[in-house]
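User: Hello! I am new to this structure and would like to go through a few of its labels with you.

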Amino acid sequence: MLKDTIRTCAYRDFIYANKNLFRGKTVLDIGCGTGILSLFCARAGAARVIAVDNAAPILEKSRLNVFHNNLSDVITCISGRIEDVTLPVDKVDIIVSEWMGYCLLYEAMLPSVLYARDRYLKPGGLLVPSHASMWLAPVADADYVMDNIDFWRDVYGFDMSKAMQADIYRDGRVVTMPPSSVCGKPYAFRMLDLHTAKTEDLAFEDKWMSVLHDASEAAGERLDGFLVWFDIFFGESPTEKIDAATTAAEWVKHGRERVAFTTGPFGGETHWRQGLFLIDQEKAEEIEVEKGKKLEGTIEYAVAAGHARGLDIRVTWKHDSGKIQSQTWRLH
């Protein structure tokens, strides 16, 4: 993840551009990993940084990184879950964490961050990052379908689809899709304000809608599925409000040195990529991609049975005069 420059540079740029927020403060880094965010905070002038990680081997590397960068007097590394450990302070001024998972909430640590916020963050304290928006768009990509589905139905005269395509319509796929695959207007179906979000907000059913545009020549003319991604925002105040429909790119254009990034197909590639959910065309009613056609439906995130950090994602959809269709995919 350190090599994901979009992710790492966003944290660095926010912390270094806002040294006034970190100078002399006590910072809690949840899921610190190698300690890079703690190192940024210490270099920005934090008086004390408490780095917590549940993985003992990686925390030992964090301790070594802190020692070799001469910051042992500022950064304290603690092994364990944030819910279980005892911190050497009662309250902190700032919580920083890289908690995001695929499609934002898969295997994410957000419940732990919300626990720490309620237990340790001072009134008026800051969460870094502060907001996350979640996006859905319809996709049509004949080349992707040809390479990943149709190919296996006739491999030098043999049908390998049953073995090589097992669960292709049941599992979400984490991929990087080209912008040309998006065949309709993206829709922001949820904005999470980390200063006010609750654990129960992480399982939900939201409405979405999109107006289709002409599919590119490479994309094809059939609706193939849905793409899900998220944008991350770094607000400078716990009272900052960000409209759900505002993209990361739009937000950074306004204001002093604002920092945000997207994991979507219209930005640079991140290690989160996007979540692709392919429609089982043998069970679904085919929808032709036509400019101006309206799609609408719901998207549901539910905790997967037997997988506390997994997800079941259900999407319903219909076009102007069509029937309501639905499909559930799993991420676990």
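User: Which residue follows α4, and what is the sign of its phi?

Analyst: N70 follows α4, and its phi is positive, near 60°. Helices here are DSSP runs of H or I with at least four residues, strands are runs of E with at least two, and both are numbered from the N terminus. A word on the source: this is a predicted model, where local features need pLDDT of at least 70, side-chain atom pairs count only at pLDDT 80 or more, and totals for chains, interfaces and linings use all residues. Residues are numbered from 1 along each chain as its sequence is written, and side-chain values use heavy atoms, leaving out hydrogens and water.

User: Why is F158 called exposed?

Analyst: Exposed means over 50% relative accessible area, buried under 20%, and partly exposed in between (1.4 Å probe, protein chains only). F158 has 56% relative accessibility, so it counts as exposed. F158 sits in the loop between α6 (142–148) and α7 (161–164).

User: What makes D167 partly exposed?

Analyst: Its relative accessible area is 30%, which means that D167 falls between the 20% and 50% limits and is partly exposed. D167 lies in the loop between α7 and β7 (173–175).

User: And why is R273 called partly exposed?

Analyst: R273 has 28% relative accessibility, so it too counts as partly exposed. Its phi is positive, about 50°, although R273 is not a glycine.

User: Which residues of α4 are buried, and how do you know that they line one face?

Analyst: L59, S62 and V66 are buried in α4. Seen down the helix axis, the buried residues fall within an arc of 50° (taken from the directions from the axis to the C-beta atoms), so they line one face.
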